[in-house]
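Q: I would like a close look at the buried interior of this protein, and at its cysteines in particular.

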Amino acid sequence: MEFMSVADNSSRSNACLDLPVDFYWYGGGSGTAQEHISLAVNALMAAIKAPVNRRWNLYLEKMNRALFKKRLERAAQGKLYPPEELKSLRGKDVLFEIRWRDIQVNEVDRLGIPVEVRLIHAQPFDQLGLCILGLHAHEKVIIEGDPAATKAAQDAEIDIAEHLLISGYPTHWGVERRT
């Protein structure tokens with residue numbers, strides 16, 4: 001088995017090639033790139049809203065939506081910087097994650113808690129051309145003092161995206177290629 005740093009392959013992502021690409025969100029149909037980015041932002045927001053102890057206000061939600069949207073638009077322009085904003089997963093150039101470390105959330109008894117959020121994507125050139133296909137959004141689970149459990153949680157999220165990539169192939173992931 002060949003081992004390599006996941007950062008080594010990050011530069012193979014379309015999100016950092018300084019070229020515009022089509023952005024798609026899994027199941028997004030024939031929508032425009034902006035419509036697909038909106039779907040991805042909704043998925044990212046759903047991921048950070050999932051814990052039941054989270055509390056939201058309009059300002060915090062708008063701020064986080066803007067941060068998500070801006071990074072996804074930069075990804076579609078090929079303007080992300082690995083490894084801070086982008087990372088290859090499992091040392092291959094099949095799946096990549098777009099990364100956020102500056103997302104703030106509020107909980108019942110704590111305000112302004114920073115969380116890490118990820119959007120896992122693929123780039124199926126043969127079916128969709130030069131693209132980013134967003135597959136899965138999640139909040140990174142960090143288990144303090146247990147790096148093995150943290151890695152296991154991350155691997156489970158990658159497995160979800162991998163399953164969507166493989167199972168969605170026959171239907172082109174529920175999207176229509178733009179011309």
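How far is the sulfur of C16 from the closest cysteine sulfur, and in which residue does that closest sulfur lie?

A: In this predicted model, the sulfur of C16 has its closest cysteine sulfur in C131, at 14 Å, which is too far for a bond. Read from the other side, the sulfur of C131 likewise finds its closest cysteine sulfur in C16, 14 Å away and too far for a bond. A disulfide is counted here when two cysteine sulfur atoms lie within 2.5 Å, and the structure holds zero disulfides. C16 counts as buried because its relative accessibility is 18%, a value under the 20% cut-off for burial, while C131, at 0% relative accessibility, counts as buried too.

Turning to the nonpolar interior, the largest core has 29 residues, and F68, L72 and W100 are those with the most contacts inside it. The elements that give two or more residues to this core are strand 1 (22-25), helix 1 (33-49), helix 2 (58-76), strand 4 (96-107), strand 5 (110-122) and strand 6 (131-139), and helix 1 gives the most, with seven residues. Leaving aside residues up to four places away in sequence, W100 touches L44, L67, F68, R71, L72, V115, E116, V117, R118 and L119. Apart from this largest core lies another core, of 15 residues, and C131 is among them, as are Y24, L135 and V175.

Technical notes: Residues are numbered from 1 along each chain as its sequence is written. This is a predicted model: local features need pLDDT of at least 70, side-chain atom pairs count only at pLDDT 80 or more; totals for chains, interfaces and linings use all residues. Side-chain values use heavy atoms; hydrogens and water are left out. A nonpolar core is a set of buried Ala, Val, Leu, Ile, Met, Phe, Trp, Tyr and Cys residues joined through side-chain atoms within 4.5 Å. Buried means under 20% relative accessible area, exposed over 50%, partly exposed in between (1.4 Å probe, protein chains only). Helices (H or I, at least four residues) and strands (E, at least two) are DSSP runs, numbered from the N terminus. Contact means heavy atoms within 4.5 Å.
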